[in-house]
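Here are a few exercises to work through with the model on screen. Try each task yourself before you read its solution.

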Amino acid sequence: MDAILAALADPARWRLVRLLAERPRPVGVLARLAEARQPQTTKHLQALERAGVVASERSGQRRIYTLRPGPLRDLAAALTGLADDAEAVGGAGEAFDRRRLSVQAERLAADAPGWADGREFGFTRSLPGPVELVWRHLTEAELLARWWTPDDLRISELVFEARPGGRIVHEYRDAEDLDGSDAVVGRAEGAVTRAVLHELLSYRLSPLLPGGGTAFTADVEYGLRPLGGATELDVRYRVGDSSVESADFIAGIETGFGQSLEKLAALIASHTSNAVDDGAEHRNQE
């Protein structure tokens with residue numbers, strides 16, 4: 001596929017392909033129709049032939065070139081597949097487009113300091129694990145690092161001291177920036193304000209602007225309620241101290257935090273499933 005793309009990238013070769021799509025033609029005629037010198041046309045045709053796009057054969061004193069449709073159909077199918085992936089329902093492209101529209105709307109609304117103060121977001125998730133397990137995933141840095149970012153990001157620095165007044169540092173990078181060579185995507189600092197074991201956790205966290213100032217302050221509260229062997233998790237997210245420059249951050253809260261909670265749910269489900277399997281294996285061994 002790379003060879004086909006490289007061969008077709010040259011405008012002169014693409015012109016020859018279009019001429020050969022009409023009918024097979026000899027080199028001389030192709031050169032005249034393409035308004036090019038014959039030696040140059042011959043080199044372009046040879047490159048197309050090496051890529052499998054055209055074929056040629058000797059007919060008397062002439063060499064006739066013809067277009068091979070198969071490779072073009074393969075290329076068209078590959079390009080269509082890429083386009084389908086990019087616009088897949090519920091895919092990353094759709095999420096990016098939603099965020100782009102949200103950013104545009106929030107930038108228009110961010111006309112003065114405090115523009116988003118009082119804005120609230122609510123999230124509710126039924127998690128397939130006991131409150132003790134969910135609490136650990138909310139308060140232990142090693143477990144937090146596995147879910148506390150949207151899908152396309154990764155934690156690069158995390159401090160979470162799960163006690164009133166405990167320090168929080170939350171820094172994240174692109175998920176594929178494994179060596180830290182790209183810029184930090186975001187950093188937030190704050191503190192835990194309340195922690196009631198297995199029941200309630202709240203904290204205040206301020207995302208930082210590139211220059212180091214505060215974008216806004218988020219007051220976040222998690223409420224945990226046991227439901228048999230599962231847990232009902234209720235999250236309240238309130239915005240305050242919003243700066244004009246906070247629009248891009250606030251635009252991503254609903255989608256980004258929602259993705260993080262979906263990752264949390266998947267982790268809890270996986271942990272619970274593994275515990276059940278381990279228990280069954282232990283009983284069988286007995």
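**Exercise 1.** Work out how H2 and H4 are oriented to each other: roughly parallel or roughly perpendicular?

*Solution.* Start with the axes, which are lines fitted to C-alpha atoms, for helices over the stretch in contact, with angles running from 0 to 180 degrees between N-to-C directions. Those of helix H2 (residues 11-22) and helix H4 (residues 38-50) come within 10 Å and cross at roughly 75 degrees. Angles of 65 to 115 degrees count as roughly perpendicular, so H2 and H4 are roughly perpendicular to each other. Next, find the touching residues (contact means heavy atoms within 4.5 Å): H2 brings Ala12, Arg13, Leu16, Val17 and Leu20, while H4 brings Thr41, His44, Leu45, Ala47 and Leu48.

A word on the ground rules: this is a predicted model, where local features need pLDDT of at least 70 and side-chain atom pairs count only at pLDDT 80 or more, though totals for chains, interfaces and linings use all residues. Residues are numbered from 1 along each chain as its sequence is written, and side-chain values use heavy atoms, with hydrogens and water left out.

**Exercise 2.** Find which strands stand at the edges of the open sheet of 3 strands.

*Solution.* First get the order: E1-E3-E2, with antiparallel pairing (strands pair if DSSP finds at least two bridges between them). Strand E1 (25-26) and strand E2 (54-59) each have a single partner strand, so they are the edges, and one side of each has no neighbour in the sheet. Then look at how E2 pairs with strand E3 (residues 62-67): the two are antiparallel over 6 bridges. For one of the partners, go to glutamate 57, which is bridged to isoleucine 64 in E3. Finally, add H4, which packs on the sheet by touching E2 and E3. The direction of H4 makes about 120 degrees with that of E2.

**Exercise 3.** Decide whether serine 260 is buried or exposed, and what surrounds it.

*Solution.* Begin by locating serine 260 in helix H10 (residues 253-285). Its relative accessible area is 3%, so serine 260 is buried (under 20% relative accessible area, against over 50% for exposed, with a 1.4 Å probe and protein chains only). Leaving out residues up to four places away in sequence, serine 260 touches Trp147, Trp148, Thr149 and Pro150. Now follow tryptophan 148: its contacts, with that same sequence limit, include Tyr222, Phe257 and Ser260.

Terms used. Helices (H or I, at least four residues) and strands (E, at least two) are DSSP runs, numbered from the N terminus. Angles under 35 degrees count as roughly parallel, over 145 as roughly antiparallel, 65 to 115 as roughly perpendicular and the rest as oblique.
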